[in-house]
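Open the model in your viewer and keep the selection tool ready. Each stop below gives something to pick and says what is there.

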Amino acid sequence: MAVDITTDLNKVRNIGIMAHIDAGKTTTTERILFYTGITYKIGEVHEGAATMDWMEQEQERGITITSAATTCWWKDHQINIIDTPGHVDFTAEVERSLRVLDGAVAVYDGVAGVEPQTMTVWRQANKYSVPRMCFVNKLDRTGADFFRCVDMMVERLNSTPLVLQLPIGAESDFLGVVDLVGMRALTWRGETKMGEDYEVEEIPEDMAEQAAEYREKLLETLAEADDDVMEKYLEGEELSVAEIEAAIRRATLADKLNPVLCGTAFKNKGVQPLLDAVVKFLPSPLDIDGIKGHAVNDEEKEIIRQPKDDEPFSGLAYKIAADPHLGKLTYVRVYSGKLEAGSTVVNSVTGRKERIGKVYQMHANKREEIASVGAGQIVAVMGLKDTKTGHTLCDPTNQVVLESMTFPAPVIEVA
Ligand code: GDP
């Protein structure tokens, strides 16, 4: 049965995961889908048991993501993971997906650090001021160096990393992280399970000094970016965990700094705190300014659409993909109003009407047929004939052409 998806938008995160090839984007995404599996739900219907069965099967075979947008749930929040291509020769495609997501996680190889493709994608994300967090992955590898990677973020990306965690142990002895906000240790000693699964411990004695030093650095960097923190910092006032987290969120949304976490997706250490941070620090669709567009035939007449269900429908087609079972699917980000299966909309770029066929929300293990979906969501639509990536779909009686993206010519690398 098709369901209506209207969610509290404060609890939605549309994120992309960006990385240089081989840094661990796929593994990190798969781990996210694994951990979130247990809390998977559709609307208000919890489907824990069914998901468990699926997880057991999938654990054997490994989970693969095949969709341009995969929806999962973490602690009552809906996370839509938008696939961002990592290759430089997909520059135009990267730009298109950056336009659609609200925040991103950059994944780094702890040995290689900041690599060229990350630099390219990072610069593109700067252009749209996409709020970003960083995950230094592969800390279990020989030669991994968290601090060198953080230095490279400053040198190569000219960014302001906000170190939120310190690794405990290194390489094959990498055990967990010191959480510099909560001033505690999170460790993974055995096999990890789905859901929130780590040990909370005291910070190891031999790391106490380093943790105090980095906590101070964290507060200094945060004070530079946030007036409230600066005021309290100068007056020597203690900040609570909630106050620090709120300030990190404000500064991240303002694109003033980038929270940095670490771990190893491969050995399943560090991914759960990363999910917590996605929920805490990356924006919801409501944190993003209304999307700009213009009237059909009048580029001078600006129209702004807010992410509200009672606004006229507008959406952007950002990817067309061939699904092995469903055929051609057009991935659409709904910016305002509601998108309804079976309705007629207008493609305001071609001026032609399009009938919306079936609408799906894609999950790691299955797709969910949807009757209607509200603003801020990302879905796959069947049946569109004449719509290309970058086109606007809208309410026939209230048309708009959403802000067009200027793509640089794609860089085609000839081997
Ligand atoms: P992608 O190209 O960024 O999607 O990278 P993948 O997720 O496919 O990972 C590339 C390779 O690195 C694969 O062989 C993974 O098994 C391996 N890998 C990913 N994460 C880790 C990690 O945390 N530690 C180690 N040692 N290997 C990892």
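## Stop 1: two helices and a salt bridge

Start with Asp228, which is partly exposed at a relative accessible area of 49%. Keep in mind that this is a predicted model. Now add Arg250: its side chain meets that of Asp228 in a salt bridge, 3.7 Å from N to O. This pair links distant parts of the chain, with Arg250 in helix H8 (residues 241-253) and Asp228 in helix H7 (residues 227-234), 22 residues apart. Arg250 has 39% relative accessibility and so counts as partly exposed.

Stay on helix H8 and select Glu245. Which residue does Glu245 pair with in a salt bridge? The partner is Lys280, and the closest N and O atoms are 3.0 Å apart. This pair also links distant parts of the chain: Lys280 belongs to helix H9 (residues 271-281), Glu245 to helix H8, and their positions lie 35 residues apart. Lys280 counts as partly exposed, at 36% relative accessibility.

## Stop 2: a salt-bridge network

Select Asp109, Lys138 and Arg141 together. Salt bridges that share partners join these three into one network. Zoom in on Asp109 and Arg141, whose closest N and O atoms are 2.8 Å apart in a salt bridge. Asp109 is in strand E7 (residues 103-109), while Arg141 is in the loop between strand E8 (132-137) and H5; the two are 32 residues apart.

Is Asp109 buried or exposed? Asp109 is buried, because its relative accessible area of 6% is under the 20% limit. Arg141 is partly exposed, with a relative accessible area of 36%. Across the whole structure there are 14 salt bridges.

## Stop 3: the aromatic cluster

Next, show the rings of Phe146, Phe147 and Tyr214. They form one aromatic cluster. The structure holds four aromatic pairs. One of them is Phe146 with Phe147. How are these two rings arranged, stacked or edge-to-face? They are edge-to-face, with 75° between the planes and 5.2 Å from centre to centre. The angle is over 60 degrees, so the pair is classed that way.

Colour the pair by accessibility. Phe146 is buried, with a relative accessible area of 2%. Phe147 counts as partly exposed, at 27% relative accessibility.

Now add Lys217. Lys217 lies over the face of Tyr214, at 4.4 Å from the ring centre. For another charge over a ring, jump to Arg367 and Tyr360. The charged end of Arg367 sits over the Tyr360 ring, 5.9 Å from its centre.

## Stop 4: two positive phi angles

Turn to the backbone. Most residues other than glycine have a negative phi. Here are two residues to check against that.

Select Asn158. Its phi is near 55°, a positive value in a residue other than glycine. Asn158 lies in the loop between helix H5 (146-157) and strand E9 (161-163). Asn158 is exposed, with a relative accessible area of 68%.

Then select Glu171. Where is Glu171 found? Look in the loop between strand E10 (165-168) and strand E11 (176-179). Phi of Glu171 is near 50°, again positive in a residue other than glycine. Glu171 is partly exposed, with a relative accessible area of 30%.

## Stop 5: the largest pocket

Switch on a surface or a pocket display. The largest pocket has a volume of about 610 Å³. Its lining is made of 26 residues, and the closest to the pocket centre are Arg99, Tyr128, Ile288, Asp289 and Gly290. Select those five to mark the spot.

Which elements each supply at least two residues of the lining? Helix H3 (91-100), strand E15 (291-295) and strand E18 (327-336) each do so. Colour the lining by residue class next. The lining divides into 14 nonpolar, three polar and nine charged residues.

## Last stop: a distance across the model

Finish with Glu95, which lies in helix H3. Glu95 is buried, with a relative accessible area of 2%. Draw a distance from its C-alpha atom to that of Asp140. The two C-alpha atoms are separated by 32 Å, and the residues are 45 apart along the chain.

Terms used. Residues are numbered from 1 along each chain as its sequence is written. This is a predicted model: local features need pLDDT of at least 70, side-chain atom pairs count only at pLDDT 80 or more; totals for chains, interfaces and linings use all residues. Side-chain values use heavy atoms; hydrogens and water are left out. Rings of Phe, Tyr and Trp (its six-membered ring) pair if their centres lie within 6.5 Å; planes under 30 degrees apart count as stacked, over 60 as edge-to-face and the rest as tilted. Buried means under 20% relative accessible area, exposed over 50%, partly exposed in between (1.4 Å probe, protein chains only). A charge sits over a ring if NZ of Lys or CZ of Arg is within 6 Å of the ring centre and within 35 degrees of the ring normal. Helices (H or I, at least four residues) and strands (E, at least two) are DSSP runs, numbered from the N terminus. On a 1 Å grid over the protein atoms alone, a cavity is a set of points where a 1.4 Å probe fits but cannot get out, and a pocket is an open set with protein on both sides within 12 Å along at least five of seven lines; lining residues have an atom within 4 Å of a point. Grid points are joined across faces, edges and corners, and a volume is the space filled by probe spheres set on the points. Ala, Val, Leu, Ile, Met, Phe, Trp, Tyr, Cys and Pro count as nonpolar, Asp, Glu, Lys and Arg as charged, and the others, Gly among them, as polar. A salt bridge is a side-chain nitrogen of Lys or Arg within 4 Å of a carboxyl oxygen of Asp or Glu.
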